[in-house]
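Trainee: I would like a close look at one part of this model. Please take me through the aromatic rings and what surrounds them.

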Amino acid sequence: MMNRSEFLRLLLAGAGTSFASGPARSAAGGSRKLILLAGSPSHPPGMHEFRAGTLLLEKRLVQVPGLVVERHDNGWVDDEATLDDANAVVIYSDGSRKHPLADKSRLARMGSLVSRGVGLGCMHYGVEVLKEDAGREFKDWLGGYYEHEWSCNPIWTPEFERFPDHPVANGVRPFAIEDEWYFNMRFREGFDASGPKRDGGSLFTPVLVAKPSDATRDGPYVFPKGPYPHIQAAKGREEAMLWTIEHENGARGFGFTGGHFHRNWQHDEYRKVVMNAICWLAGLKVPKYGVGSSTVRDDELQRNLDPKPPRRS
């Protein structure tokens, strides 16, 4: 029996929506296949709710015509054969030594996927890898990554006031929201928040850009507390909190440094820009006004939370 999400997807496709296939290779039937990887439980309640967050996104992404969504828990797929026909992989998980791609065999598998045009997106702690584990690969695949004690992770409220002419920004209106927004990524040489840049055959575009206040740069950061002199020395400089990269072979990538507070998935613009990024990553044409999605209700926000010890007062 056809479930509701399949029925709506076919109905919207028949109605001639503006979702159309992009340049990436197609999964069976011409659809794009997205793998969502949710990390294991982490942090206090309401933070790093990787499973609950990907479930909220999955519920809305399955309504997108031409997109097939698979979600996997604990940071990796049970059977790597499911990656064979994937068009995009999004990792929302812990990073550093706990990053799913800290495992060398998984890193090699991801490298083979990217080399044949599969997109890779990483969210929040998922943008942090150790330099010796995957720093070179992330600079290649995503354009940059969070490097311990080079990047920083304060909790602050950036104001995103303008956006580039890029599909991921389609329909996104100015917004401001508190999160643990990382910045000062270890980007490739020449990549920064000032605008689109090319490096060989790769096009880098900063999408969410804001200027941290002097007080934000002075810390404290979440960990280590800082402040770092090189972060303070850059006062007045804009920073990129979401960026994209597109390679010659059609592979796409994005990094999104928000995603710490689970409550933020209720914010329409925040959710829209992430859903735009995911659909773009998979090779879909993002509608002019962005990817629409239903409101996240309070009761829905409280579902599927990881079992965690209560916060200490």
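Mentor: Start with a cluster. Ring pairs join Phe-50, Tyr-92, Phe-160, Phe-175, Trp-181, Phe-256, Trp-265 and Tyr-270. Keep in mind that this is a predicted model. The structure holds 15 aromatic pairs.

Take one pair, Tyr-92 and Trp-265. Their ring centres lie 6.1 Å apart. Their planes meet at 85°, which is over 60 degrees, so the pair counts as edge-to-face. This pair links distant parts of the chain, with the two positions 173 residues apart. Tyr-92 belongs to strand E3 (residues 88-92). Trp-265 lies in the loop between strand E14 (252-256) and H7. Are these two residues buried or exposed? Buried means under 20% relative accessible area. Tyr-92 has 1%, so Tyr-92 is buried. Trp-265 also has 1% and counts as buried.

Next in the chain is Ser-93, in the loop between E3 and helix H3 (104-115). Ser-93 has a relative accessible area of 2%, so this residue is buried too. Leave out residues up to four places away in sequence. Ser-93 then touches Gly-39, Phe-50, Pro-100, Met-123, Tyr-125 and Gly-126. Phe-50 is a name you know from the cluster.

Now follow Phe-50 into its helix. Phe-50 is one of the buried residues of H2, and so are Leu-55, Leu-56, Leu-57 and Leu-61, among others. In total, 10 of the 12 residues of H2 are buried, so this helix is largely enclosed by the rest of the structure. What do those buried residues pack against? They pack against E1, E2, E3, strand E4 (119-123), H7 and helix H8 (298-301). The length of H2 also checks out. Its end C-alpha atoms are 16 Å apart, which agrees with the 16 Å that its 12 residues should span at 1.5 Å a residue.

Go back to the cluster and pick Trp-181. Set aside its neighbours within four places in sequence. Its contacts include Cys-152, Trp-156, Phe-160, Leu-208, Met-241, Phe-256 and Tyr-270. Phe-160, Phe-256 and Tyr-270 are fellow members of the ring cluster.

Trp-181 also has a place in the largest nonpolar core, which has 51 residues. Trp-181 is among the residues with the most contacts inside that core, along with Leu-34, Leu-61, Leu-67, Met-123, Leu-208 and Phe-256. Several elements give two or more residues to this core, including helix H2 (50-61), E3, E14 and H7. Which element gives the most? H7 does, with 9 residues. A second, separate core has 35 residues, and Ile-35, Ala-86, Ala-193 and Ile-245 are among them. There is a general pattern to remember here. In soluble globular proteins, nonpolar side chains tend to be buried together.

H7 deserves its own look. Helix H7 covers residues 268-281, 14 in number. H7 reaches 20 Å from its first C-alpha to its last, close to the 20 Å expected. H7 is mostly covered, with 13 of its 14 residues buried. Just after H7, Gly-283 takes a positive phi of about 95°.

Finish with two rings that have a charge over them. The charged end of Arg-186 sits over the ring of Trp-150, 3.9 Å from its centre. The charged end of Arg-263 sits over the ring of Phe-261, 4.1 Å from its centre.

Conventions. Residues are numbered from 1 along each chain as its sequence is written. This is a predicted model: local features need pLDDT of at least 70, side-chain atom pairs count only at pLDDT 80 or more; totals for chains, interfaces and linings use all residues. Side-chain values use heavy atoms; hydrogens and water are left out. Helices (H or I, at least four residues) and strands (E, at least two) are DSSP runs, numbered from the N terminus. The expected span of a helix is 1.5 Å times one less than its number of residues. Buried means under 20% relative accessible area, exposed over 50%, partly exposed in between (1.4 Å probe, protein chains only). Rings of Phe, Tyr and Trp (its six-membered ring) pair if their centres lie within 6.5 Å; planes under 30 degrees apart count as stacked, over 60 as edge-to-face and the rest as tilted. A charge sits over a ring if NZ of Lys or CZ of Arg is within 6 Å of the ring centre and within 35 degrees of the ring normal. Contact means heavy atoms within 4.5 Å. A nonpolar core is a set of buried Ala, Val, Leu, Ile, Met, Phe, Trp, Tyr and Cys residues joined through side-chain atoms within 4.5 Å.
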